[in-house]
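Q: I'm new to this one and would like a close look at a single part of it, rather than a quick tour of everything. Could you pick a spot and walk me through what sits around it?

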Amino acid sequence: MSVTVGSKGRAACVVNDQNTAAAVGSGLLPVFATPQMIALMENAAVDATQASLEEGQGTVGTRLDVSHDSATPVGMQVWAEAEVTAVDGRKLTFAVTAYDETGPIGKGTHERFIIQNDKFLAKAQGKKKGN
C-alpha cells in the first residue's frame with residue numbers, strides 16, 4: 001500500500017483543564033491551546049496515512065503553517081481533519097482544519113515525511129553518543 005492524494009484522517013477531544021492555554025503555558029486563559037490544536041491536526045494527519053504505510057514505517061511532522069482563528073472554552077468538543085493534498089516521494093502535504101461545535105477554529109497546511117522507524121530512532125539516539 002501507499003499513501004494517496006485524497007486520503008483523510010480525523011482526531012477529536014474535549015477541551016478540559018489540561019489542554020488549555022493556561023495549562024500548557026501558551027497563554028493565560030482557560031481556552032483550547034494553540035499547541036493542542038496543532039497536535040490534534042498532526043494526529044489527524046497520522047490517522048490519514050498510517051494504514052497505508054508498510055510495516056516498520058511511520059511519518060514525522062516537519063512543517064506547519066496554521067492559523068488559530070477562534071477560541072474554544074472548556075467543555076466543548078473539538079476535532080481536526082486532515083486530507084493528503086500532495087505526495088512527492090516520501091514528502092506528504094496535508095490540508096488541515098480544526099473545528100469546535102460552532103464551526104472552524106483553525107486551518108492551514110502540514111508536511112510530514114515517511115520514515116523507517118528503526119533507522120529514524122537509531123539516528124536520534126546517536127545524538128546521545130555525539131555522532
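A: What follows starts with the overall layout and then settles on the spot that UniProt labels "binding site".

First, some ground rules: this is a predicted model, where local features need pLDDT of at least 70, side-chain atom pairs count only at pLDDT 80 or more, and totals for chains, interfaces and linings use all residues. Residues are numbered from 1 along each chain as its sequence is written, and side-chain values use heavy atoms, with hydrogens and water left out.

Here's the layout. The protein has 3 helices and 5 strands (DSSP runs numbered from the N terminus: H or I of at least four residues for helices, E of at least two for strands). Follow the sequence along and you meet them in the order β-α-α-β-β-β-β-α. Along the principal axes, the C-alpha atoms fill a box of roughly 40 × 40 × 20 Å. Of the contacts (heavy atoms within 4.5 Å) with a separation of 6 or more, 65% link residues 24 or more positions apart. Buried residues make up 35% of the 131 in the protein (buried is under 20% relative accessible area, exposed over 50%, partly exposed in between, with a 1.4 Å probe and protein chains only).

An unreviewed UniProt entry places a "domain: Fluoroacetyl-CoA-specific thioesterase-like" on residues 15–117; such annotations may be inferred rather than shown by experiment, their feature names are shortened, and positions follow the numbering used here. That span is 20% helix and 47% strand, and its end C-alpha atoms lie 31 Å apart.

Now for the spot itself. Under "binding site", the unreviewed UniProt entry lists Gly61 and Arg112. They span 52 residues in sequence, yet no two of their C-alpha atoms are more than 4.3 Å apart, so they gather at one spot.

Take Gly61, in strand 2. Gly61 counts as partly exposed because its relative accessibility is 40%. Setting aside neighbours within four places in sequence, Gly61 is in contact with Glu42, His110, Glu111 and Arg112. So the two listed residues gather at one spot, and Arg112 is also among the residues that Gly61 contacts.

Arg112 belongs to strand 5. With a relative accessible area of 5%, Arg112 counts as buried. Leaving out residues up to four places away in sequence, the list of what Arg112 touches takes in Glu42, Ala45 and Val46, then Thr59, Val60, Gly61 and Thr62, and finally Arg90, Lys91, Leu92 and Phe94. Glu42 is a shared partner, touched by Arg112 and in contact with Gly61.

Phe94 is worth following next. Beyond residues up to four places away, Phe94 touches Ala45, Ala48 and Thr49, along with Ala82, Glu83, Val84 and Thr85, plus Gly108, Thr109, His110 and Arg112. His110 turns up in this list and also in the one for Gly61. Phe94 leads us into the protein's largest nonpolar core, where Phe32 and Phe94 touch the most other members out of 21 residues. (Such a core is a set of buried Ala, Val, Leu, Ile, Met, Phe, Trp, Tyr and Cys residues joined through side-chain atoms within 4.5 Å.) At least two core residues come from each of helix 2 (34–49), strand 3 (77–88), strand 4 (91–100) and strand 5. Helix 2 gives the most, with 6.

Next door in sequence to Phe94 is Thr93, a residue of strand 4. Thr93 is buried, as its relative accessible area is 16%. Not counting neighbours within four places, Thr93 is in contact with Glu83, Val84, Thr85 and Ala86, and also with His110 and Glu111. Those last two, His110 and Glu111, are also contacts of Gly61.

Finally, slide along strand 2 to Gln57. At 14% relative accessible area, Gln57 is buried. Gln57 and Ile115 are 58 residues apart in sequence, while their C-alpha atoms are 5.6 Å apart in space. Ignoring residues up to four places away, Gln57 touches Gln50 as well as Ile114, Ile115, Gln116 and Asn117.

To pull it together, the listed pair is a partly exposed Gly61 and a buried Arg112, and Arg112 touches Phe94, a member of the largest nonpolar core.
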